[in-house]
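Q: Please take a close look at a single part of this structure and follow its connections outward into the rest of the chain. I should like the pairing terms made clear at the outset, and the account given as one connected description.

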Amino acid sequence: MGRRGGRLSRGWFIVFAKAPRPGLVKTRLCPPLSPDQAATFYRAMLGDVLVSSLRFANALDLEPVLAFHPPGGEADLLAETPADYRLHVQRGLDLSDRMANAFAEAGAAGAPLALLRGSDSPVLSFSQVNAALVQLEAGDDLVLTPDLGGGYAMIGMARAAPEVFNVPMSTQDVLSETIAIADSLGLRHSTTNETLDVDRVEDFHALERVPAKKLLDSCPRTVDAIAELRKNGVL
């Protein structure tokens with residue numbers, strides 16, 4: 001079993017993140033954003049994600065883990081990262097390898113299950129995380145939280161199954177291809193309700209349709225960063 005402060009936990013809650021460096025993050029937003037503006041925006045969004053994820057982890061008795069990329073990038077993340085996080089470097093040649101290895105590391109550490117979320121889904125909610133956890137503990141092997149672009153914002157597994165990551169990432173078919181692999185492996189799987197990732201300029205407009213109170217509760221830094229971009233005439 002996983003442990004938190006010497007006691008058993010229900011599993012790991014992993015945030016996958018990149019160091020907020022120009023040219024490394026949110027490149028699909030450039031243009032209209034400059035690389036520096038994209039990095040500043042990502043830093044704000046990551047700050048929201050880390051705060052909310054820690055709150056969810058504490059409420060659900062999960063161990064919060066920040067998996068960062070590239071190696072050596074922790075220095076760029078420390079200012080945004082609450083002290084309760086365990087830091088792990090992402091290991092692997094590409095995103096698929098790194099995600100598969102994160103689940104393998106959770107299992108090797110004794111975690112009964114693991115949930116992994118990206119750092120660009122600022123309105124992912126407690127209810128979605130809780131639903132995924134409940135479904136895994138009820139016997140599902142795999143739970144996915146779809147995003148609006150055909151991928152998924154969160155993936156949970158009760159045991160490592162690296163084959164589910166053998167799909168091209170960052171395409172509109174990631175979710176359907178992942179489910180097809182799960183079916184071929186005989187994995188019991190389910191989905192939660194969907195959320196949105198902020199990857200493209202169109203996603204800013206999708207965020208505008210989220211109720212204002214939910215935005216301010218979930219991602220105040222993201223809201224402020226978008227307001228600053230609009231003020232500067234970038235969006």
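A: Two strands are taken to pair if DSSP finds at least two bridges between them. The model described here is a predicted one, and the part chosen is strand β3, residues 12–18. By the pairing criterion, β3 and β6 are partners: they run parallel and share 4 bridges. Within this pairing, Ile14 has Leu116 of β6 opposite it. β3 also pairs with β4, again in the parallel sense, and 7 bridges join the two. Here Phe13 has Pro64 of β4 as its bridge partner. Of the 7 residues of β3, 6 are buried, so the strand is mostly covered; buried here means under 20% relative accessible area.

The connection from β3 to β4 may be taken next. Helix α1, residues 35–60, joins with these two strands in a β-α-β unit, and the unit is right-handed. A second helix, α3 (residues 95–108), lies across β3 and also across β4 (63–69), β5, β6 and β8. The direction of α3 makes about 150 degrees with that of β3.

The wider setting of β3 is an open sheet of 7 strands with mixed pairing, in the order β5-β4-β3-β6-β8-β7-β9. At its edges stand β5 (86–89) and β9 (189–191); each has a single partner strand, and therefore one side of each has no neighbour in the sheet. On average, neighbouring strands are turned by 20 degrees against each other, direction ignored. Beyond β6 (residues 114–117) the sheet continues with β8 (residues 152–157), and these two strands pair in the antiparallel sense over 4 bridges. In that pairing, Arg117 faces Met154 of β8. Helix α5, residues 174–185, packs on the sheet as well, where it touches β7 (142–146), β8 and β9. Its direction and that of β7 form an angle of about 165 degrees.

The helix of the β-α-β unit leads on to the salt bridges. Asp48, in helix α1, and Arg221, in helix α8 (residues 220–231), lie 173 residues apart in sequence, so their pair ties together distant parts. The side chains of Arg221 and Asp48 meet at 3.2 Å, N to O. Asp48 is buried, at 1% relative accessible area, whereas Arg221 counts as partly exposed at 39%.

Helix α8 takes part in a further salt bridge, between Arg230 and Glu208, with the closest N and O atoms 2.4 Å apart. Glu208 belongs to helix α6 (residues 201–208), and the two residues are 22 apart along the chain. Both partners are partly exposed: Glu208 has a relative accessible area of 49%, and Arg230 has 32%.

A salt bridge within one helix is that of Asp217 and Lys213, at 2.7 Å from N to O. These residues are 4 apart in helix α7 (residues 212–218), and therefore about one helical turn separates them. Lys213 counts as exposed at 60% relative accessibility, while Asp217 is partly exposed at 46%. Salt bridges also link Lys26, Arg28, Asp120 and Asp199 in a network. The count for the model comes to 15 salt bridges.

Definitions and conventions
Residues are numbered from 1 along each chain as its sequence is written. This is a predicted model: local features need pLDDT of at least 70, side-chain atom pairs count only at pLDDT 80 or more; totals for chains, interfaces and linings use all residues. Side-chain values use heavy atoms; hydrogens and water are left out. Axes are lines fitted to C-alpha atoms, for helices over the stretch in contact, and angles run from 0 to 180 degrees between N-to-C directions. Contact means heavy atoms within 4.5 Å. Buried means under 20% relative accessible area, exposed over 50%, partly exposed in between (1.4 Å probe, protein chains only). A crossover is right-handed if, with the strands pointing away from the viewer, the path from the first strand over the helix to the second runs clockwise. A salt bridge is a side-chain nitrogen of Lys or Arg within 4 Å of a carboxyl oxygen of Asp or Glu.
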